[in-house]
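User: Please take a close look at one part of this complex, the sheet that is shared between the two chains, and place it in the context of its surroundings. I would like a connected account rather than a list.

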Amino acid sequence: MTERSFEELQRELDEIVTRLERGDVPVDDAIALFKRGEELYKECVARLQGAELQIEELVPRDPAT
Amino acid sequence: MPKVEHTVYGDRKVFTVSAFNRGIGMHLGRLPPVWVEGEVTELRRNDAWANVFLTLKDPKTGACLSVTIARRTYDRLELVLVEGETVHVAGRAEIYELKGELGLRASTIERLGLGDHLVALERLKRALAAEGLFAPERKRPLPRVPREVGILTGADAAARGDLVATIRARFPATTLVVREARVQGKGAARAIVAALAELNARAEVDVVVLARGGGSFEDLLPFSDETVVRAVASSRVPVVSAVGHEQDTPLCDLAADARAATPTAAGALVVPDVRELALALEATRRRLRLALRSQVERDRSRLARQGDRLRAAPRLILERRRAALDRSGARLQTLSPLATLGRGYAIVRAGGGALRSAADVASGDALDIQLAAGSLGARVEDVRP
């Protein structure tokens, strides 16, 4: 499985917050959702922090191009 | 006419450089004004400058001539010249004294009709526009946070450097996939199409930037080539066109999903600012925590209300029973014979039970009459059944 993109993680986090804010989640589920949200937040922050720009040169398949 | 100063060394007249240039300038100034035909290149106009500069090029030999014209004169002509257009310029030869460069001081410029390239370009532009290739509804939104950014660039260190620097400063948490391609001259269109296809083939590339610095009209022509324009329009991922300078509009600009005036602007378009993103994440986390807290708070107060009701229940039952008892007592009271006696009735007894019929007694029988207060002993005197 490919690693999920930052955008996907952020979208899931936003959805969790929106669900929790509606306030109709049973309390056990709410706590589970909260934990998941915290994980997502930490994963997002970790991806932003200390990242170094990667530069990859693509070699032309046809050298004439 | 002022004399050109010189110094005499014996039999030798020696001029300073400036005096020489000025002297030549004076000679040039005596030549009659002429018309010169050529293609406009390197047109430079700035509101802050007194003059507009351009170079006239001979399309056959490539020979060049610098032209200056007063900015006000140029603006009054309302020409909106495009690079590559053929014009007629009227003016006098002059020399730029500081550099000793020959130029043409223009008094007016006339458009001679669009150059062949421009005509062909205009025709292609109309055809592609009619096909709907440039329609606004075709434009796709750029990804907010691209996994990989594809960069299609020539061996143009400046454009590439600006783009990389901007992306590094804004959002280093990404990967740039750089594909260098021949972007001008023969075979450039084919090279650009091939490079774009290779970038599109990379699964994680979410957006492609065409980064090409400024250049002459001819240099930028490949970016108006029909195959390039179609490749941009049919790209799998959105394309940002950062080709040429502000005033250039190669056709790939019109087919691209977004256009950037400079590579730096393109960098700002394709990646978010990591600081803004971090702030947004913090805000989301605060909402997350607040949402859980208010959820728990709601549950706790609901629980407290339920507890209160539970504790109040026994007392409530007792109160209800007492009230019911009170109501029964009151009803009992109204039914009691004693209450009836209170209203003036009497109970008459003869011997045992209460007397209900006059026929049950005879004259002379003893009666006991009970009143609300006390009782009487009496005798029957007359019976009227």
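Analyst: What follows starts from the shared sheet and then moves outward to its surroundings. The model is a predicted one, and the description below should be read with that in mind.

The part in question is an open sheet of 6 strands, in the order E1(A)-E9(B)-E8(B)-E10(B)-E11(B)-E12(B), with parallel pairing. At its edges stand E1 of chain A and strand E12 (258–259) of chain B, each of which has a single partner strand, so one side of each is left without a neighbour in the sheet.

The contribution of chain A to this sheet comes from a chain with 2 helices and 1 strand, which follow one another along the sequence in the pattern α-α-β. Of the 65 residues in chain A, buried residues make up 20%. The strand E1(A) pairs in the parallel sense with strand E9 (residues 175–180) of chain B, and this pairing runs over 4 bridges. Two positions illustrate the register across the chain boundary: A:Gln54 stands opposite B:Thr175 in E9(B), while A:Glu57 has B:Val178 in E9(B) as its bridge partner.

The strand pairing belongs to a broader interface, in which 33 residues of chain A are in contact with 39 residues of chain B. On the side of chain A that touches chain B, helix H1 (6–22), helix H2 (27–48) and strand E1 (54–57) each supply at least two residues, and H2(A) gives the most, with 9 residues. Sorted by class, that side of chain A holds 19 nonpolar, 5 polar and 9 charged residues.

Moving inward along the sheet, E9(B) also pairs with E8(B), again in the parallel sense, over 6 bridges, and within this pairing B:Val149 stands opposite B:Leu176 in E9(B). Together with H4(B), the strands E8(B) and E9(B) make a right-handed β-α-β unit. The helix of that unit, H4 (residues 157–170) of chain B, can be checked against its expected length: at 1.5 Å a residue, its 14 residues should span 20 Å, and because its end C-alpha atoms are 20 Å apart, the model agrees with that expectation.

The buried residues of H4(B) are B:Ala159, B:Arg160, B:Asp162, B:Leu163, B:Val164, B:Thr166 and B:Ile167, a set that includes B:Arg160 and B:Asp162 alongside residues such as B:Leu163 and B:Ile167. Their cover includes E1 of chain A as well as strand E8 (148–153), E9, strand E10 (205–212) and helix H9 (263–270) of chain B. Strand E1 of chain A is thus met twice in this account, in the pairing with E9(B) and in the cover over the buried residues of H4(B).

A further detail on the chain B side concerns B:Arg202, which lies in the loop between helix H5 (188–200) and E10 of chain B. B:Arg202 counts as partly exposed because it has 19 C-beta neighbours inside 10 Å, where 20 or more would make a residue buried. Leaving aside neighbours within four places in sequence, B:Arg202 is in contact with B:Glu148, B:Gly150 and B:Val177. As for B:Glu148, its C-alpha atom and that of B:Arg202 are separated by 8.9 Å, although the two residues are 54 residues apart along the chain.

For context, chain B also contains a barrel, into which 5 strands close in the order E3-E4-E5-E7-E6, with mixed pairing; the twist averages 55° from one strand to the next. Within the barrel, strand E6 (residues 86–96) and strand E7 (residues 101–111) of chain B pair in the antiparallel sense over 10 bridges, and B:Val87 has B:Arg111 in E7(B) as its bridge partner. Strand E3 (residues 34–44) of chain B contains B:Glu42, a residue other than glycine whose phi is nonetheless positive, near 50°. B:Glu42 counts as partly exposed because 16 C-beta neighbours lie inside 10 Å.

Methods. Residues are numbered from 1 along each chain as its sequence is written. Chains are lettered from A and ligands numbered from 1 in the order in which they are written. This is a predicted model: local features need pLDDT of at least 70, side-chain atom pairs count only at pLDDT 80 or more; totals for chains, interfaces and linings use all residues. Two strands pair if DSSP finds at least two bridges between them. Axes are lines fitted to C-alpha atoms, for helices over the stretch in contact, and angles run from 0 to 180 degrees between N-to-C directions. Two residues are in contact if their C-beta atoms, placed from the backbone, lie within 7 Å. Ala, Val, Leu, Ile, Met, Phe, Trp, Tyr, Cys and Pro count as nonpolar, Asp, Glu, Lys and Arg as charged, and the others, Gly among them, as polar. The expected span of a helix is 1.5 Å times one less than its number of residues. A residue is buried if 20 or more other C-beta atoms lie within 10 Å of its own, exposed if 12 or fewer, and partly exposed in between; C-beta atoms are placed from the backbone. A crossover is right-handed if, with the strands pointing away from the viewer, the path from the first strand over the helix to the second runs clockwise.
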